[in-house]
Amino acid sequence: MGPAGSGKTTFINRAVGSPDVGRGSTSFTKEVCPVRYPHPDGVRSIILVDTPGCNDSTTDFHVLGEIAMWLTYVYTKNIKLNGMLYFHPISDCEIRERMSRNYNIFKGLCGKDNFKNVIFVTTMWDRVSEDVGSEREHNLQSDFWRAMISMGSTIQRFEGTTESAWKIINSLPASRMTDCRPLQIQREMVDDYLPLHQTAAGKAIIDRLFFLTSGPKRLTKGKKRSRSQATRPTKISITLSDDPFATLSAGTELFTVSGSGSCSEEGYQSALAHIIRALRAATGGPELVHLDYVRDTIGVCLDIALSIVVGVSAA
């Protein structure tokens, strides 16, 4: 796992000796992609799982949902992971907000019991000098990743070669499958039946959204647009009533949902369907292209709405 463009797919390509595993070398991974490959010892095979990372065209919740779906599926088949590799480009001179949020989601996904099975893999060493890279590596180890390293996580360099990739793979725990522990998100979603937004990883995203929207100054980044250039948000009004054809109106104000206080189950289900359609439409708004925290907020709301639909259907 790791941010988009941190070298996850390149690592797998080097490990299996192919430049074209899964997808093109210049595009970001868009879905979870397991790759089975025989171990050089000739005795066993391993499965390397490539995962998507967040970029400007995806949201944290969408990416987490893709990964969680695969993890919960394999857990129901009694398949557990031997270890997790978290990738970080050493060429980045500072810890940007994108990397910080990816790291916090990763911690919530793994859970403390699995920190000892995590290897932090630093990549892109060919883009920095040894002195600069070593200083950044030390800062990551002593500060940013300190909490997980103190609980057993380790750090290694990926030098961009097949030998380097296998050195890292072989340093993962070779425990028996019966000794492997499920990830925290697997226990939460499969054993405890929690929806994604109530898991530790999901809450990490929601906490970040509250932080970003806690003050008006956080919502205005970059240059201010003139009044003529500014795009006013779309108003979506939904009235909850017994009318199965509850209206969905659009204007030029803010998103609002109102309720009369009394509504039948059919009325709520009809309104919920309208809300889901409105949220899905809102995620494609051009004014949100550079406001990833707003897209994430909508994504959380959509995930909650969809979990309500699942709950109603199951009942």
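Okay, let's start with D50, which sits in strand β2, residues 45-50. Keep in mind that we're looking at a predicted model. Is D50 buried or exposed? Its relative accessible area is 3%, and anything under 20% counts as buried, so D50 is buried. What does its side chain touch? There's a polar contact, at 2.5 Å, with the side chain of T9.

Right, on to the sheet. Three strands make an open sheet here, in the order β3-β4-β5, and the pairing is parallel. β3, which is 84-89, and β5, which is 154-157, are at the edges with a single partner strand each, so each of them has one side with no neighbour in the sheet. Going from one strand to the next, the twist averages 30 degrees. If you want to look at one pairing in detail, take β3 and β4, where β4 is residues 118-123: they're joined in the parallel sense over six bridges. M84, for example, has V118 in β4 as its bridge partner.

Now look at what lies across those strands. Helix α4, residues 130-144, lies across β3, β4 and β5, and runs at about 165 degrees to β5. Helix α6, residues 162-170, also lies across β3, β4 and β5, at about 170 degrees to β5.

Next, the inside. A bit of background: in soluble globular proteins, nonpolar side chains tend to be buried together. In our model, the largest nonpolar core has 34 residues, and the ones with the most contacts inside it are L64, F106, L109, F120 and I185. Which elements give two or more residues to this core? They're α2 (60-76), β3, α3 (97-110), β4, α4 and α8 (200-212). α2 gives the largest share, six residues.

Let's zoom in on L109. Leaving out residues up to four places away in sequence, L109 touches M1, L64, I67, L71, L183, Q184, I185 and A201. And there's another core, apart from that one, with 18 residues, including V16, C33, F87 and W166.

We just met Q184 and I185 as partners of L109, so a quick word on their helix. α7 covers residues 184-191, and its buried residues are Q184, I185, Q186 and E188. After α7 comes Y193, which has a positive phi, near 60 degrees.

Last topic: the aromatics. You describe a pair of aromatic rings by the distance of the centres and the angle of the planes. The count for this model is nine aromatic pairs. One of them is F11 with F87: 5.2 Å centre to centre, 65 degrees between the planes, so that's edge-to-face, since the cut-off is over 60. F11 is in helix α1, residues 8-16, while F87 is in strand β3, so this pair ties together parts 76 residues apart in sequence. Both F11 and F87 are buried.

Compare that with Y103 and F144. Their ring centres are 4.7 Å apart and the planes are at 40 degrees, so this pair is tilted. Y103 belongs to helix α3 and F144 to helix α4, so here the parts tied together are 41 residues apart in sequence. Y103 and F144 are buried too.

And which residues form one aromatic cluster? Y86, Y103, F106, F120, F144 and W145. You've heard two of those names before: F106 and F120 were on the list of residues with the most contacts inside the largest core.

Terms used: Residues are numbered from 1 along each chain as its sequence is written. This is a predicted model: local features need pLDDT of at least 70, side-chain atom pairs count only at pLDDT 80 or more; totals for chains, interfaces and linings use all residues. Side-chain values use heavy atoms; hydrogens and water are left out. Buried means under 20% relative accessible area, exposed over 50%, partly exposed in between (1.4 Å probe, protein chains only). Helices (H or I, at least four residues) and strands (E, at least two) are DSSP runs, numbered from the N terminus. Two strands pair if DSSP finds at least two bridges between them. Axes are lines fitted to C-alpha atoms, for helices over the stretch in contact, and angles run from 0 to 180 degrees between N-to-C directions. Contact means heavy atoms within 4.5 Å. A polar contact is a pair of N or O atoms within 3.5 Å; within protein, one must be able to donate a hydrogen and the other to accept it, and residues adjacent in sequence count only if both atoms are side-chain atoms. A nonpolar core is a set of buried Ala, Val, Leu, Ile, Met, Phe, Trp, Tyr and Cys residues joined through side-chain atoms within 4.5 Å. Rings of Phe, Tyr and Trp (its six-membered ring) pair if their centres lie within 6.5 Å; planes under 30 degrees apart count as stacked, over 60 as edge-to-face and the rest as tilted.
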